[in-house]
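Student: Could you take me closely through one part of this protein, and then set that part in the context of the chain around it?

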Amino acid sequence: MILYRTPFMHTPANPFDQPGALHTEADGGLLVENGVIVASGGFPDLRAASPGAEVHDLRGSEGQPGMLLPGFVDTHVHYPQVRVLGGLGMPLLEWLDRNTLPEEARFVDAAYARSVAGEFLGGLAQHGTTTALVFGSHFASAMDEFFGLAQASGLRIVAGQVVSDRMLRSELHTTPERAYREGKALIGRWHGQGRLLYAVTPRFSLSASEGMLDACAALVRETPQARFTSHINENVQEVETVRRLFPQARDYLDTYEQAGLLGRRSVLAHNVHASDSELGRMAQHRCSVSHCPCSNSSLGSGFFPLARHLAAGVAVSLGTDVGGGTGFGLLKEGLQAYFLQQLMPGGHPLSPAHLLYLSTLAGAEALDLHGRTGDFSAGKAFDAVYLSPPAGTPLNAVMRHAEGPERVLAALFTLGGAADVRQVWVEGQTVYSTPEQFHAE
Ligand SMILES: [Zn+2]
């Protein structure tokens, strides 16, 4: 057994429902056996109760601040879009045509796919993300490359082949029959292997016919524990096009609803332009929404109506939406969510506890993995990120002088990033660490 000694913070409850949900330990202890937390609390008490445990003291030299947080959970991020990050200046549909789909077409080459998969998984781990719902490639061979490296990375990855049969580039189109056949084979090879799970993933209704959505629904129905993910209501022009393509549908949500794709394990990305009827039906289906504030800002998609989601009872988590977003950092994503709610009329004020919840437990709940990850309660896996800003940085200074834990947490979201990530674990196994000298005084 290992007893980790470190200051830590987590949100074992939902701060949107429970004001006292943020739990902090200034001298914390987490007792871990076979990768699972068996006790969580103050270090002195745990030490006294488990004198035989091997102590791993994460605190560095005197005066070096650090904080352990649950590993971040990213509920919307595209593996084939690493190299299109930074494509500023375009709205969604133009950004897809000019910036992104030409890049995604390159994934027909398995070697190309493998090299980007490495960059992608490295990007997650470097930023302290331990669990991700990943939009895949249109090519089954590229997904085999991805899943192979994902399994080796140790990260918790939920992902699937992206399928479409219209309105993209012809190389990215498939047929419902082929989508079903390739999906079935990928599920057979990867779903439930180690920490991998499969997510059935039509790109969006704009590029998926009713026949394609039906093929997806068959895969969901026939696969125990399969997740479902897609895009919805991201951009006004996109919503209008979907309305034209599905004249019988009540709205965008109805295109997925009629196919039977919505349920507790469905995650829909964006939902910036949702109607009240759609929000009410999402709550009924218990599906959740991945809010991608950096992407919404960068592509000018609009203000996310968080207060309306909360009022309707729709669960919300955070997605970085690489490459429409601006990078892999959930800390940055939390800050941008805060900014947008500050700026928009009727915005919901977000506290540091809200930001931590949105970037950890909320994502685990969205993926129905909250029995396994998302906070430091006993019984959960030790999925964690230790943040320790290098000496001489503003974050280091702020953390050393902060008055109280909420202030530290706010500073982490405001100033923190990959450069502050010292070590990352999934189920007790180190999946990323930086050399000691980067952080020494
Ligand atoms: Zn996306």
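Tutor: What follows begins with one strand and its partner, and then moves outward to other parts of the chain.

This is a predicted model, in which local features need pLDDT of at least 70 and side-chain atom pairs count only at pLDDT 80 or more, while totals for chains, interfaces and linings use all residues. Residues are numbered from 1 along each chain as its sequence is written, and side-chain values use heavy atoms, with hydrogens and water left out.

The part to look at closely is strand β11, residues 227-232, which is mostly covered, since six of its six residues are buried. Buried here means under 20% relative accessible area, exposed means over 50%, and partly exposed lies in between, with a 1.4 Å probe and protein chains only. Strands are DSSP runs of E with at least two residues, helices are runs of H or I with at least four, and both are numbered from the N terminus. In a regular strand the side chains alternate between the two faces of the sheet. In β11 both faces are covered: Arg227, Thr229 and His231 are buried on one side, and Phe228, Ser230 and Ile232 are buried on the other. The strand pairs in the parallel sense with β10, residues 196-202, over two bridges, where pairing requires that DSSP finds at least two bridges between the strands. Within this pairing, Phe228 of β11 is the bridge partner of Val200.

Helix α13, residues 352-359, can be read in a similar way: eight of its eight residues are buried, so the helix is largely enclosed by the rest of the structure. Its buried residues include Pro352, His354, Tyr357 and Ser359.

Another helix, α4, spans residues 140-153 and contains Ala140, which counts as buried at 15% relative accessibility. Leaving aside residues up to four places away in sequence, Ala140 touches Gln161, Glu182 and Leu186, a contact being heavy atoms within 4.5 Å. Ala140 and Val108 are 32 residues apart in sequence, and their C-alpha atoms are 8.7 Å apart in space.

Some backbone details also merit a careful look. His270, in strand β12 (residues 266-270), has a phi near 90°, a positive value in a residue other than glycine, and counts as buried at 0% relative accessibility. Arg286 is likewise not a glycine and has a positive phi of about 60°, but Arg286 sits in the loop between α9 (276-285) and β13 (288-291) and is exposed, with a relative accessible area of 54%. The peptide bond from Val322 to Gly323 is cis, with omega near 5°, and Gly323 belongs to the loop between β14 (316-318) and α12 (330-343).

For the chain as a whole, there are 16 helices and 17 strands. The radius of gyration is 21 Å, close to the 22 Å that the globule rule gives for 441 residues, so the chain is as compact as a globular protein of that length; the radius is taken over C-alpha atoms, and the rule is 2.2 Å times the number of residues to the power 0.38. Along its principal axes the C-alpha trace spans about 65 × 45 × 35 Å, and 60% of the 441 residues count as buried. Among contacts between residues at least 6 apart in sequence, 75% join residues at least 24 apart.
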